[in-house]
Each structure stands twice: as C-alpha cells, then as structure tokens.
Amino acid sequence: MFDPEKDLASVQNVFLNDTEILDLMSLNTATPLEKAKHIIKRSQYGDLSGGEKRLCIFFVPSRLTRNEAFLEEVIQVDCHVPISQDYIAHRIQKRVKELLHKKKFNNRYLKYEGQLGELPTANGFFCVGSRFKFYRVI
Amino acid sequence: MSIRFDMQGMVNALRRELIEAMKQLQQELLNEAKQGMLTREGAESLKNEEIEDIAKVITAAISGGAWAAMDEWGTGHMMDTSNPAYREYVNSPYWNPLRQGDNYIRGRPKGSYTDIFGNQRYSSGRAAGRIIEYPKGPYVVHPPSHAIQTAARWMANGRMQRVIKLTLEAFPFGNYIITDQR
C-alpha cells in the first residue's frame with residue numbers, strides 16, 4: 001500500500017519513544033510538541049540556530065527495479081548537531097541503525113543502506129545521515 | 001556438431017542494456033540532485049544530458065545553468081570558494097570588480113556590464129561598492145546546497161555498482177551460444 005505519511009510517521013514514533021535517542025538529543029524532559037519539532041518528517045536545516053539538534057526523516061526519490069510491480073523506496077535519516085558535538089551525531093546514527101535495520105515498519109522491513117560521512121548542513125553545524133530501503137508493491 | 005558464440009551480437013546487446021542502466025542511474029542522479037537543491041530555480045535548471053557512447057565509454061551526465069551553480073556553491077558572502085570554477089568566475093567579465101575579499105554582493109560601478117546569465121545590464125553606480133545583500137539590500141543570499149555533489153556521492157556509494165551488477169546478472173548470455181548438427 002502506498003502511504004508515505006504513515007511510513008515516515010511510524011519511523012518518527014520509534015525515535016520519539018526511544019529514551020536513548022531522546023537523551024542524546026537532550027529531549028528527555030521535553031514536551032511531546034517540543035520533541036516533534038526536533039524529530040521532523042522532512043529535510044530542513046537552513047533555520048538551525050544555537051545549540052539545536054535535529055533529526056530529519058524523509059524520502060529520497062523512488063528507484064525502479066527490474067520487476068515493474070515493485071519500487072525501491074529509500075528513507076533517509078539525517079542528524080544535525082552543533083559542530084562541537086559531532087560525536088553526538090555519530091552516536092545518534094548508531095542508535096538509529098539499531099532501531100531501524102531489519103525492523104518492521106508499516107508492514108515492511110527496512111534494510112540499512114549505508115551512510116555517506118559528512119553531509120551539507122547549516123553553518124556551525126555538523127550532519128551525518130543514513131539510508132534505509134524497502135520495497136513497495138505498486 | 002559445432003558450437004559457436006556470437007560475440008559481436010552479445011557485445012551489441014550488452015551495450016544496449018548497459019546504456020539503459022546508465023539512463024536509469026542518470027535519472028536517479030537528477031532526481032536526487034533536484035531534491036537537494038535549496039532553490040526552485042536551481043532545481044528547475046538541472047537536466048539530463050544525452051547519453052554518449054564515445055570510444056567505448058558510456059557517459060551519462062546531468063547539467064545545469066547559472067541558477068544550479070549558485071544553488072550548488074552558494075551565493076554572496078556564503079559562497080563556497082572551494083568551487084573549482086571560482087577563480088575562473090572571479091576573473092571573468094561576469095564578476096563585479098568591486099567585490100573583493102569577503103565576497104559580499106556589492107553595487108557595480110557606473111556603466112554597462114554582463115550579469116551571470118550573460119545578459120547586458122546597466123548600473124547607475126549609485127550603490128557602487130556598497131553591500132547590497134539582505135538586510136542591507138535586496139539580494140537574499142544562501143549557503144551552498146552541494147546537492148549535485150551529495151547526490152553523486154550517494155550514487156557512488158554502492159548504488160551504481162548494484163545497478164550494473166543486476167544488469168549483468170539478468171543479461172541472457174546463453175542466447176548467443178549457437179549450436180548446429182553439422
């Protein structure tokens with residue numbers, strides 16, 4: 001079934017309820033609304049400021065497969081942190097992989113597809129991201 | 001009985017399959033690069049180039065105009081000067097000679113000039129040398145998106161190899177074995 005909103009929300013919910021992720025993002029005492037402002041379902045980093053940490057969960061363009069009945073879908077999780085806390089970003093990515101790889105979300109298993117090292121982000125920030133793929137029947 | 005392998009037929013067919021695979025990779029690269037652009041104009045100016053097959057090398061490229069370059073490398077004082085074409089740009093007629101050192105967008109000296117899009121323009125010189133970036137002026141600048149570089153890095157991170165591998169695995173090499181009963 002094609003329901004990208006539900007796919008992203010199911011991943012977001014796992015992060016919102018994981019104490020380790022919340023600890024690393026300094027969100028353990030934050031309100032649900034505050035948490036949802038820092039763990040978002042889109043890629044947005046131009047407005048980062050201060051000591052903010054942000055997890056962005058978003059789709060990258062679908063890929064064709066050799067079987068036209070299937071599409072390969074890819075969810076990317078980027079972590080933006082202040083540049084002096086680059087190690088936090090790596091710890092968050094480690095936890096993200098533990099939470100998503102080979103786990104079932106919205107009835108599909110996600111598979112880790114690797115990371116790329118440092119990614120573009122706002123000035124004064126550091127970003128790393130990982131990708132997870134799954135197959136969708138059209 | 002003899003057995004033969006139609007080498008030339010196989011090479012021609014495999015070449016066609018590899019070109020199809022390259023087209024798929026090219027489209028994926030374009031889609032990802034467009035998604036990573038920070039400006040609508042930058043994304044819209046990106047396009048696929050024709051696939052080239054010259055001297056047995058298949059090349060699939062994407063290209064963009066000035067909008068894409070500005071999006072990729074940033075604008076004004078936020079511009080990334082590690083751009084390999086930066087020196088060429090600074091030494092070109094498109095560059096405002098009053099932009100020095102800090103790269104802030106400044107007013108042009110009085111007279112006609114060629115803008116980054118190649119258009120002939122005229123400056124009154126009223127703002128010559130003054131910073132005209134927002135909030136001091138009308139030009140809103142943005143940091144580099146590095147969208148094309150990042151998309152290419154993701155593609156090189158196993159995706160290209162996988163598409164080519166799948167193409168080779170699915171190729172019917174057996175169709176080019178010919179046997180006869182003579």
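Chain B comes out with a mean pLDDT of 93, and 99% of its residues reach 70 or more; pLDDT is the predictor's confidence in each residue, from 0 to 100. This is a predicted model, where local features need pLDDT of at least 70, side-chain atom pairs count only at pLDDT 80 or more, and totals for chains, interfaces and linings use all residues. Residues are numbered from 1 along each chain as its sequence is written, with chains lettered from A and ligands numbered from 1 in the order in which they are written. The model's scores are ipTM 0.84 and pTM 0.88.

Chain B splits into domain 1 (1-74 + 145-174) and domain 2 (77-141), with bounds from an automatic or database domain assignment. Their centres, taken over C-alpha atoms, sit 35 Å apart.

Now for the packing. The largest nonpolar core (buried Ala, Val, Leu, Ile, Met, Phe, Trp, Tyr and Cys residues joined through C-beta atoms within 7 Å) has 26 residues, and A:Leu55, A:Cys79, A:Ala89, A:Ile92 and A:Cys127 have the most contacts inside it. Buried means that 20 or more other C-beta atoms lie within 10 Å of a residue's own, with C-beta atoms placed from the backbone. β7(A) gives the most to this core, 5 residues. Apart from it lies another core of 12 residues, including B:Leu30 and B:Ala147.

Where the chains meet, chain B brings 17 residues and chain A 12, contact being C-beta atoms, placed from the backbone, within 7 Å. On the chain B side, α5(B) supplies the largest share, 7 residues; helices here are DSSP runs (H or I, at least four residues) and strands likewise (E, at least two), numbered from the N terminus.

Terms used. Contact = placed C-beta atoms within 7 Å.
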